[in-house]
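Work through the exercises below with the model open beside the text, and try each task before reading its solution.

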Amino acid sequence: MAYGLRMATELVGGVLVGAGIGFGLDRWLGTSPWLLITFLMLGFGAGVQNVLRATKKMDSERDRAPPGASGT
Amino acid sequence: MAIDPMHQFRIERLVPLDIGGIDASFTNSALFMVAAVALISVFMIFTVSTRAMVPGRWQSMAEISYEFIAKMVRDAAGEGGMKYFPIVFSIFMFILFVNLLGLLPYSFTVTSHIIVTAALALSVFFGVTLIGFAKHGLGFFKLFVPDGVPVALLPIVVLIEIISYFSRPVSHSIRLFANMLAGHITLKVFAGFIIGLSSLGAIGWAGAVLPLIMVVALTALELLVAFLQAYVFTVLTCMYLNDALHPGH
């Protein structure tokens, strides 16, 4: 459960922040809805990036840990 | 049958206090934070006051918690990270004690409120960013430029990296908050089943054994989650610290 929720929050965090930045810039520059769409995509990319990075980290931690010791 | 699983998260003002229009009342949430800090202080001060060469049980506990965090900081952030060991240790102990206190009956779980976890995550985020800029100046921006990326893709990658950086406090805080909130709601819902079933009479009493077993098992699981989430929060703090100290990946 800890693994799953971690991945979910990593992905959602990226999308949320991307959408937030896009929405804020749209409000500020009056370009609605184009920046929201662009940053939503970028946020999704960032979320996937987060998940990939976290997975890589977990894998390397598991490989390094002595047998019998459980990781995160 | 009025069992409200959300009632446990209600904030109550114990000592109303208003400073310049800002509601700074001493609430039950604040009470449990103070209790956690007091318990940690008592635990750490009294257990190491004996200073025995061969540690007793309590002193061992204090030493184990020190070594546990010290190893975590060294592994994740390198020897240079030990400079920031006090804050990392404080964060770990605070979250751990607050989580464990929240498991006691009738108590309040401070970390089940996103404002608390967000405050913790944001202070880590700003602290780490400041450390990064203080140590590396503008070189800290290297963090946003990964090696070996074609120039054509660079603008997009840098944007994604920046969003990824800003998404850290979001996932950092939501993880702790969601775990504690979900766990405590599940506990209360299953406990509610026991009362609901037992009102049915003899058959209900027999049936209520099942949710009771669930509650016992869930309490054990929550104990694990309380520790695990404190650990995960601290590990991530160390990883962010590592990025700030060595931005070149």
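**Exercise 1. Find which residues B:C238 touches, not counting residues up to four places away in sequence.**

Step one is to fix the criterion: two residues are in contact if their C-beta atoms, placed from the backbone, lie within 7 Å. Step two is to apply that criterion to this predicted model, in which B:C238 touches B:M72, B:V73, B:A76, B:A77, B:G81 and B:V88, leaving aside residues up to four places away in sequence. Step three is to place B:C238 in its surroundings: B:C238, along with B:V73 and B:F92, has the most contacts inside the largest nonpolar core, which has 51 residues. Such a core is a set of buried Ala, Val, Leu, Ile, Met, Phe, Trp, Tyr and Cys residues joined through C-beta atoms within 7 Å, where buried means that 20 or more other C-beta atoms lie within 10 Å of the residue's own. The largest share of this core, eleven residues, is supplied by helix 8 of chain B.

The conventions are these: residues are numbered from 1 along each chain as its sequence is written, while chains are lettered from A and ligands numbered from 1 in the order in which they are written. Because the model is predicted, local features need pLDDT (the predictor's confidence in each residue, from 0 to 100) of at least 70, side-chain atom pairs count only at pLDDT 80 or more, and totals for chains, interfaces and linings use all residues.

**Exercise 2. Describe helix 3 of chain B and say what covers its buried residues.**

Begin with its extent: helix 3 covers residues 85-102, and its 18 residues reach 26 Å from the first C-alpha to the last, close to the 26 Å expected at 1.5 Å a residue. Next, list its buried residues, among them B:V88, B:F92 and B:N99. Finally, look at the cover, which includes helix 1 (28-48), helix 2 (57-77), helix 6 and helix 8 of chain B.

**Exercise 3. Which elements give two or more residues to the side of chain B that touches chain A?**

Start from the whole contact, which takes 15 residues from chain B and 18 residues from chain A. The elements sought are helix 5 (154-166), helix 6 (168-198) and helix 8 (209-245) of chain B, and helix 6 provides the largest share, six residues. As a last step, consider confidence: the predictor gives the complex an ipTM of 0.76 and a pTM of 0.84, and chain B averages a pLDDT of 87, with 98% of the residues scoring at least 70.

How values were computed:
Helix = DSSP H or I, 4+ residues; strand = E, 2+ residues; numbered from the N terminus. Buried ≥ 20, exposed ≤ 12 C-beta atoms within 10 Å, placed from the backbone. Expected span 1.5 Å × (residues − 1).
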